[in-house]
Each structure stands twice: as C-alpha cells, then as structure tokens.
Amino acid sequence: MPDGHAPAEAVKPLLLICWYSATGHNRALARSAYAGARQVPGCEVRIRAATRVQVEEFAAANAWIFVAPENFGQLCGGLRMMFERLYYPLETALQGRPYATITGCGNDGRGAVRDIDRICAGWRLKRVAEPLYSRGELLPPTAQSARELGEALATGLADGIF
C-alpha cells in the first residue's frame with residue numbers, strides 16, 4: 001500500500017451451528033451441516049454444543065443453524081437451555097438475522113421446530129430455509145441434506161444474500 005500499511009483483512013460473516021444431542025443423532029447432523037458450510041470460502045463457520053455457547057459468541061454470529069432433538073413433542077435438552085440462557089441478554093440485539101433448523105426425532109419433529117420458531121420470532125430472526133427433519137435412523141440422504149443446508153446458508157452469507 002502506498003501509505004506503508006497492509007490492507008485490512010475483510011471480516012468474514014460468521015455462521016454458528018448450535019447443537020444438542022443425547023444419542024449422537026443430532027451431533028452427526030450438525031457435523032454434516034458443518035462439513036457443507038466449511039466448503040464455502042468467505043464464511044467463517046463454527047460448531048458448538050449448545051451447552052457451551054456463550055452470549056458474546058452467539059451475538060457475534062451473522063446466522064445460525066439450530067440442530068435439536070424433540071422429546072414429547074417439544075424442543076428439549078441443551079438447546080432449549082441455551083435459548084433460556086441467551087434470550088433476555090440478547091432480546092433486542094439480533095433483529096433480522098437468518099437461521100435454519102435441523103431436527104432429529106423419533107417420529108415428528110414439528111413441535112421442536114414450532115418452539116424454535118417462537119423463540120426466534122421474539123428475537124425477530126428470519127427463517128431462510130424450510131425445516132430439515134431426520135426422523136428415525138440417520139440415513140445418508142438426510143446427512144447429505146444437512147450438508148447442503150450448511151453449504152447453502154454459508155453461501156448466502158458469503159455472497160451477501162442474507
């Protein structure tokens with residue numbers, strides 16, 4: 001540079017994949033989404049167990065993929081607890097940012113998605129992809145769909161679509 005300073009490195013948008021899994025099913029789905037997202041240059045991608053996500057890291061994200069189980073027709077476990085910890089500290093800080101969901105479940109999954117959507121509506125986040133459900137055993141086509149979802153969200157961030 002003419003003034004002797006190196007050019008500032010462009011800050012990449014951050015996609016944060018937050019997951020909770022009691023059986024390993026949702027962790028595998030999160031890892032698939034992470035593998036797809038990591039293929040996109042121009043987007044930083046982090047994957048975190050929901051129990052380890054801190055307010056600052058969550059607030060720094062430009063978009064999220066929430067990977068959660070459903071039990072008894074509701075969002076449960078560590079992801080629910082993460083939302084409970086973070087909701088009020090970030091109540092007015094996240095407006096307009098995109099999110100997507102992946103739900104590993106025994107049979108339905110819609111209850112967990114409904115719960116996540118209700119929380120995200122309070123934060124005024126915007127859903128940018130249809131919910132992805134993995135019902136029963138995790139099969140290769142579903143893992144591939146999770147990978148494609150991660151790649152699509154990261155691409156949208158990197159390209160400035162979201």
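**Close-up 1. Side chains take turns along strand β7 (residues 132-135).** Leu132 and Ser134 point to one face and are buried, while Tyr133 and Arg135 point to the other face and are not buried. Here, buried means under 20% relative accessible area, exposed means over 50%, and partly exposed is in between (1.4 Å probe, protein chains only). Helices (H or I, at least four residues) and strands (E, at least two) are DSSP runs, numbered from the N terminus. Keep in mind that this is a predicted model, where local features need pLDDT of at least 70, side-chain atom pairs count only at pLDDT 80 or more, and totals for chains, interfaces and linings use all residues. Residues are numbered from 1 along each chain as its sequence is written, and side-chain values use heavy atoms, leaving out hydrogens and water.

**Close-up 2. β7 has a partner, strand β5 (residues 98-105).** The two strands pair in the parallel sense over four bridges; to count as a pair, DSSP has to find at least two bridges between them. Look for Cys105, which sits opposite Arg135 of β7.

**Close-up 3. Helix α3 (residues 77-86) packs with helix α4 (residues 110-123).** Two packed helices are described by the angle between their axes and the distance between the axes. For α3 and α4, the angle is about 15 degrees and the axes are 12 Å apart. The axes are lines fitted to C-alpha atoms, for helices over the stretch in contact, with angles running from 0 to 180 degrees between N-to-C directions. That makes α3 and α4 roughly parallel to each other, a label for angles under 35 degrees. Leu79, Arg80, Phe83 and Leu86 of α3 meet Asp115, Ile116, Ile119 and Trp123 of α4, where contact means heavy atoms within 4.5 Å.

**Close-up 4. Zooming in on Asp115, in helix α4.** Is Asp115 buried or exposed? With 7% relative accessibility, Asp115 counts as buried. Not counting neighbours within four places in sequence, Asp115 touches Gln74, Leu75 and Arg80.

**Close-up 5. Phe72 and Arg124 each show a positive phi without being glycine.** Phe72 has a phi near 55 degrees and sits in the loop between β3 (63-71) and β4 (74-75). Phe72 is exposed, at 88% relative accessible area. Arg124 has a phi of about 65 degrees and belongs to the loop between α4 and β6 (126-127). With 44% relative accessibility, Arg124 counts as partly exposed.

How values were computed: Angles under 35 degrees count as roughly parallel, over 145 as roughly antiparallel, 65 to 115 as roughly perpendicular and the rest as oblique.
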